Amino acid sequence: MHPRLLERLHAAVGDAGLVLDDEARAPYETDWLRKFTGRSSVVVRPADTAQTAEVMRICHETHTPVVTQGGNTGMSGGATPDGSGAQVVLSTVRMKAIRSVDPLNNTLTAEAGVLLAHIQAAAQAVDRFFPLSLGSEGSCTIGGNLATNAGGIAVLRYGNARELALGLEVVLPDGRVWHGLRALRKDNTGYDLRDLFIGSEGTLGIITAAVLKLHARPVARATAWVGAASIDALVRLLAQLRAACGERLVAFEMLSAESLELILAHVADSRAPLASAHAFHALIELADTQAQGLAELLEGGLGEALEQSLVDDVAVSVSGAQTQAFWKIREGISQAQMRAGKAVKHDIALPISALAAFVHRADAALREAMPGVRIIDFGHLGDGNLHYNVLMPLDTAPEAMATATARLNRIVHDLVAEAGGSISAEHGVGQLRRDELRHYKSEVEFDLMMRIKQSLDPNQIMNPGKLI
Ligand code: FAD
Ligand code: MLT
Ligand code: ZN
């Protein structure tokens with residue numbers, strides 16, 4: 001560590017902004033999945049943009065590497081420092097002001113450390129809607145959501161985090177501030193810097209605030225659970241419902257039978273939504289700003305699907321409690337996997353038309369390569385994002401886990417690449433998929449990314465070892 005680093009950081013952020021104690025630093029040094037653990041030199045928690053800028057000026061001058069961290073719910077190890085003990089963790093948790101809400105312009109300006117759930121609540125308080133929704137919304141931050149370009153359950157209707165941001169404020173690696181908090185839907189004044197920082201996972205700068213787009217608040221929702229014999233049938237159902245319901249279709253989430261079994265076994269108070277067994281399940285939701293006709297629309301669409309044998313059983317929710325129970329099952333999958341084993345996670349995106357064929361090929365390839373393999377396949381079918389995971393036993397040794405991961409990654413990701421898909425859909429690349437990204441990106445694309453990184457972060461201090 002640079003000799004005067006701590007003293008200078010202390011002068012910048014004061015006592016409240018420094019975490020030095022080993023025990024207090026520990027939660028910042030391990031990720032949510034407990035897959036990655038590192039060691040920080042210090043955790044710095046600036047209170048505002050000015051303090052963040054001062055911290056970065058110091059780190060720039062002293063060539064100190066910085067790992068930005070929001071809610072630490074990321075799934076790719078992007079917010080965990082390495083084991084060197086040389087990296088500073090910069091936590092945004094104290095930057096939690098909602099700076100303004102403008103219902104006329106349908107925008108809200110929030111600082112990076114505001115929890116996603118608080119942004120949703122602030123939008124609702126002015127009769128508007130912020131549609132980004134993830135299982136971790138009670139603990140992830142909007143800065144982290146933008147830095148990972150998070151997806152979640154409503155992307156098919158509202159897009160991912162990128163599509164929900166209009167402007168950003170960013171502290172650059174040398175401590176300068178880019179004041180890009182524009183609340184405009186049209187702004188063609190040159191290269192799109194905003195989109196460069198969104199999804200950059202803390203490797204180009206620190207997002208300190210954002211202008212977010214608000215939407216009209218839906219007043220009605222209709223939810224159903226369906227069981228189907230094949231993934232092909234669910235893909236066809238999705239297309240039919242999109243055609244019939246248009247923008248009202250907001251969620252179409254899929255769980256394989258094995259995924260559902262895992263949840264029912266590991267999540268307290270969860271009950272099977274359907275009495276009969278099915279190879280695939282979907283949780284479907286419509287929402288509208290008009291109160292009338294939504295349930296009939298859903299029932300009509302699903303009735304037709306039953307007649308066509310696209311689905312074999314349907315439960316349309318009749319109460320708020322039942323809807324909540326359906327969503328609790330879907331959102332229990334992350335916990336269930338943690339409790340049941342060690343997951344080799346694949347966060348992949350495919351053209352929806354290629355998705356069923358991919359699942360058939362990947363299932364066959366994995367079963368051949370590893371007889372008895374436990375495939376946990378679920379995800380956001382409505383936008384083509386599958387979490388096509390493999391669950392290994394809890395007692396799998398780290399070396400065996402690493403060998404299996406490399407082997408399974410190559411099989412799954414090769415098939416994804418052949419199908420024109422992406423090996424990183426919504427969780428970010430972080431350290432988990434960094435080498436996979438290098439393997440699949442073309443030379444030209446990788447070279448362009450390296451040049452951007454080099455020009456913005458010439459000292460390579462922003463989240464080294466992640467993404468690129
Ligand atoms: P962190 O984990 O703290 O950081 C993530 C990355 O962003 C790191 O690389 C970090 O360096 C960088 N970063 C954080 N803040 C900033 C900032 N202000 N400026 C620059 N870089 C920054 N994700 C989905 O997309 N869809 C889901 O459906 C989903 N469901 C989840 C369910 C559960 C139960 C859990 C635990 C996680 C889930 N996630 C999901 C993953 C995770 O919640 C998201 O990736 C989220 O966006 C991370 O936000 P965070 O504040 O926790 O970021
Ligand atoms: C989900 O869709 O539930 C999340 O992305 C979390 C996970 O993959 O565990
Ligand atoms: Zn997901």
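Reader: Let's start with ligand 2. How far is the polar side-chain atom of Lys345 from an oxygen atom of ligand 2?

Author: In this predicted model, the distance from a polar side-chain atom of Lys345 to an oxygen atom of ligand 2 is 2.9 Å. Arg330 also has a polar side-chain atom by a ligand 2 oxygen, at 2.7 Å. For His380, an N or O atom of the side chain sits 3.0 Å from an oxygen atom of ligand 2.

Reader: OK, and how much of ligand 2 does the protein bury?

Author: The protein buries 86% of the 270 Å² that ligand 2 exposes when taken alone.

Reader: Which elements give two or more residues to that shell?

Author: Helix 12 (333–340) and strand 18 (375–380) do. Helix 12 has the largest share, with 3 residues.

Reader: Who else is around ligand 2, and how does the shell split by class?

Author: Among the surrounding residues are Met75, Ile333, Ser334, Gln337, Phe378, His387, Glu426 and His427. The split for the shell is 3 nonpolar, 5 polar and 3 charged residues.

Reader: Switching to ligand 1. Which residues come nearest?

Author: Out of 36 residues around ligand 1, the nearest are Thr68, Gly70, Thr73, Ser136 and Thr141.

Reader: Any distances for the polar contacts there? What does Thr68 use, for instance?

Author: Thr68 uses a backbone N or O atom, 2.6 Å from an oxygen atom of ligand 1. Gly70 also has a polar backbone atom in play, at 2.7 Å from a ligand 1 oxygen. With Thr141 it's a polar side-chain atom, 2.7 Å from an oxygen atom of ligand 1. As for cover, ligand 1 has 970 Å² of accessible area on its own, and the protein covers 95% of that.

Reader: And which element gives the most to the shell around ligand 1?

Author: Helix 5, with 5 residues. Strand 3 (66–69), helix 5 (142–148) and strand 10 (206–213) each put in at least two. By class, the shell around ligand 1 has 10 nonpolar, 24 polar and 2 charged residues.

Reader: Back to Arg330 for a sec. Which residues of helix 11 are buried?

Author: Arg330 is one of them, along with Thr323, Phe326, Trp327 and Ile329. These buried residues sit on the same side of helix 11 because they cover an arc of only 155° around the axis.

Reader: What's on the face turned away from the buried side?

Author: That face of helix 11 carries the exposed residues Gly320, Ala321 and Gln324.

Reader: And how long is helix 11?

Author: Helix 11 runs over residues 320–331, so 12 residues, and spans 16 Å from its first C-alpha to its last, close to the 16 Å expected.

Reader: Now backbone angles. What's the phi of Asn72?

Author: Asn72 has a positive phi of about 60°, though it is not a glycine. Most residues other than glycine have a negative phi. Asn72 belongs to the loop between strand 3 and strand 4 (87–91).

Reader: Is Asn72 buried or exposed?

Author: Buried, with 13% relative accessible area. Glu201 is another residue other than glycine with a positive phi, near 50°. Glu201 lies in the loop between helix 7 (193–197) and strand 10, and at 11% relative accessibility Glu201 counts as buried.

Reader: Last one: where is Leu350?

Author: Leu350 is in the loop between strand 17 (347–349) and helix 13 (352–369). Leu350 is buried, at 6% relative accessible area.

Technical notes: Residues numbered from 1 in each chain as written. Chains lettered and ligands numbered in written order. Predicted model: local features only at pLDDT ≥ 70, side-chain atom pairs only at ≥ 80, totals over all residues. Heavy atoms only, no water. Near = heavy atom within 4 Å. Polar contact = N/O pair within 3.5 Å; in protein donor to acceptor, adjacent residues only side chain to side chain. Areas by Shrake-Rupley, 256 points an atom, 1.4 Å probe, with all protein chains shown as cover. Helix = DSSP H or I, 4+ residues; strand = E, 2+ residues; numbered from the N terminus. Nonpolar A, V, L, I, M, F, W, Y, C, P; charged D, E, K, R; others polar. Expected span 1.5 Å × (residues − 1). Buried < 20%, exposed > 50% of the residue type's maximum accessible area, 1.4 Å probe, protein only. Arc of directions from axis to C-beta.
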